[in-house]
Amino acid sequence: MHPVKVGACALNQTPLDWTGNQRRIEQALEEARSQKVGVLCLPELCLSGYGCEDAFLSPSLQRTALEVLAELIPHTKGLIVNFGLPLLVQGRLTNTSCLVADGRLLGFAAKHFLPGDGIHYEPRWFKAWPLGRVKELSLFGESVAVGDLLFDCGGVRIGFEICEDAWVGARPGAVLARHGLDLLLNPSASHFAFGKQETRKHIVQEGSRAFGVGYIHCNLLGNEAGRAIYDGGNLIASGGRLLAQGPRFSMQDWTLTTATLDLDLNRIQQSRFSAEGTSNPQGDGIRVIHTEVPPVDVPPCPEPSFIPPDWEQKNQVKEEEFTRSLGLALLDYLRKSRSRGFVISLSGGADSSATACLIALMVHAGIKELGLSGFKDKFPYWPQLQACTEEQAIMAEMLTCVYQATENSSETTHNAARSLAEALHAGYLDFKIDSLVQGYVGMVEQGLERPLRWQTDDLALQNIQARVRAPGVWLLANVKGALLCATSNRSEAAVGYATMDGDTCGGISPISGIDKAYLRRWLVWLETQGPQGGFKIPSLRLVNDQQPTAELRPPEDKQTDEADLMPYEVLDEIERAAVRDKRSPVEVFYHLRTRFADTDEEQLAAWVARFFRLWCQNQWKRERYAPSFHLDDENLDPKTWCRFPILSGGYERELAQLDALLTGLKETSRKGLA
């Protein structure tokens, strides 16, 4: 038996926060040492932060990362640990993870596969390391190897797959395994997306089985740089068995996950799977770095067994992930921007109500995990919050809701907004804005020398009401030093069904990454069930019983969102087919005809045409949205996921093909009936 205790540490880092990043790493090292961990894995680029973007190209950043590394090396006594940092090698900036053993720098493993799709843009800053290459670098007065390295630390052989390296077909672990690998470390910055943890588990578990190794995957934690959310969820597997998973969406500064592995069992598995003559380990370019390390006493450890969190075993995993990911993202965005709470223009409808509930759930989850004092410690700059002695007082300080009524607002939405704010214990204000609206309308009527009427100026009269709501809540947010939350969702962003400088105004747009149909289902879940551990919100019934409406036309028009656009289920289906799956209007129509077989074909075609035209016309709006959070691979954020020209031909040729198809279908149907 050859037991080794390993650990994976999820860190909540911030780009360019050198002092804070270093402090959290030092705390994690001390805790790992106290738990008798022998080998510790830290996340990708944990010294600088993963989200530095173009700042990675700064020579100052590159120098500072090495300075911090030099300061951390003395803290590694009794440990084998990796540190992720950018490293300039012969004029090429490389994403590396160095291994340090008991105070000695052994070398730098370099990342081979750089993600350049969607939310990731690594090839803009880094160069992929060629397979089978090793270079020498003069560093700290010594010659240090960089590249394809395997580290032999007192007979324990350690290699790396850095994040994306494990997600490709030609995994570096396969080459390393031919050298008698014992432990494969995967330092990652793997952003959250719905259901992604199951894929990570498969990659880690299968890697440990196929290579016959102990596999340690660690991840970043929290809202690191503004948009991407990292859920932690460290994973440790051995020989095909998943042994441990760290907590996900923790609000701690870091979390440590450990397990004790028997290396002999994996070596037996390797000897069974190895085949003579299938490879030439000496010819694959791997260099083995040897060093001796002092032995680490491994305490007796019961046989580990992997048990996922209770909420991951329920049917509502997406609801739980949405609630927890947004709560963590909002907490970090608030504290890292040094803001003092949130302000929401609460309309009594689904979008603003969901945003308010997410903030309340964040507070509740944070106090539950960290305790009242620990939660307040996240905001040392906020004296008013420090004076609060109970959760309800914190909520009143954390969230201010404002209902802004015009003559077109209903008592239904007013009651819904007021009741929800009271149920959440949020601050609540009523603003009357009719006089402001009429002031602007009168001013423009005087300038144009004609009256503005609904028959001729419908859209303009709607938009002015939404825009007049903005200055007051901006003023309130500025007075409080708070973040103003925009409340538009992804479905509205797709077709531009939002007023720029109206409901889109804000410093952050928490729900613009989620579609309206799902958001409405989530609100019903929150009303009737809620996340594990309680906090359902029955007063949401007043919101959920309504049909979504902007309430910008006179009440007798009975305005609803779906009458203005199309049913949200249809809109979201078109969006996924057109934007995510890149289908043409005709292909989308055929898809809808199967999905909504009971709907008239002419109506389906009209909705498809409406979507494509609105999508093209409103890219400029999506470019101006406040920062949103990445939740899945259907994001429409043009800065991180879905790039589209502001000016385009508008799919006119493709829509003409759809018209021709519909004409042909009608003709065929007419002949069939005849």
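The paragraphs below go through a parallel sheet, a hairpin, a pocket and one loop residue of this predicted model.

The sheet is open and has four strands, in the order β20-β19-β18-β21, with parallel pairing. Its edges are formed by β20 (427–432) and β21 (483–484). Each of these two has a single partner strand, so one side of each is left without a neighbour in the sheet. Elsewhere in the sheet, β18 (residues 342–345) and β19 (residues 399–405) run parallel and are joined by four bridges. One of the residue pairs can be named: Phe342 has Leu399 in β19 as its bridge partner. Helix α9 (residues 391–398) packs on this sheet and touches β18, β19 and β20. The direction of α9 makes about 50° with that of β19.

Antiparallel pairing is found in another part of the chain, where β14 (residues 235–238) and β15 are linked over four bridges. Strands of a sheet pair through backbone hydrogen bonds in either the parallel or the antiparallel sense. Here Ser238 has Arg241 in β15 as its bridge partner. The two strands form a hairpin with two residues between them, and in this hairpin Gly239 takes a positive phi near 55°. As for its surroundings, β15 (residues 241–245) has four of its five residues buried, so the strand is largely enclosed by the rest of the structure.

The next feature is a pocket, the second largest, which holds about 510 Å³ of space. Its lining consists of 21 residues, and those that lie nearest the centre are Trp311, Arg324, Ala365, Lys368 and Gln532. Two elements, α6 (317–336) and α7 (350–377), give two or more residues to this lining. Of the elements, α7 gives the most, with five residues. Sorted by class, the lining of the second largest pocket has nine nonpolar, eight polar and four charged residues.

The last stop is Phe644, placed in the loop between α20 (619–624) and α21 (652–673). Is this loop residue buried or exposed? The relative accessible area of Phe644 is 18%, and because buried means under 20%, Phe644 counts as buried. Leaving aside residues up to four places away in sequence, Phe644 touches Trp615, Cys616, Gln619, Glu623 and Tyr651. Trp620 is 24 residues from Phe644 along the chain, and the C-alpha atoms of the two are separated by 9.7 Å.

Technical notes:
Residues are numbered from 1 along each chain as its sequence is written. This is a predicted model: local features need pLDDT of at least 70, side-chain atom pairs count only at pLDDT 80 or more; totals for chains, interfaces and linings use all residues. Side-chain values use heavy atoms; hydrogens and water are left out. Two strands pair if DSSP finds at least two bridges between them. Contact means heavy atoms within 4.5 Å. Axes are lines fitted to C-alpha atoms, for helices over the stretch in contact, and angles run from 0 to 180 degrees between N-to-C directions. Buried means under 20% relative accessible area, exposed over 50%, partly exposed in between (1.4 Å probe, protein chains only). On a 1 Å grid over the protein atoms alone, a cavity is a set of points where a 1.4 Å probe fits but cannot get out, and a pocket is an open set with protein on both sides within 12 Å along at least five of seven lines; lining residues have an atom within 4 Å of a point. Grid points are joined across faces, edges and corners, and a volume is the space filled by probe spheres set on the points. Ala, Val, Leu, Ile, Met, Phe, Trp, Tyr, Cys and Pro count as nonpolar, Asp, Glu, Lys and Arg as charged, and the others, Gly among them, as polar.
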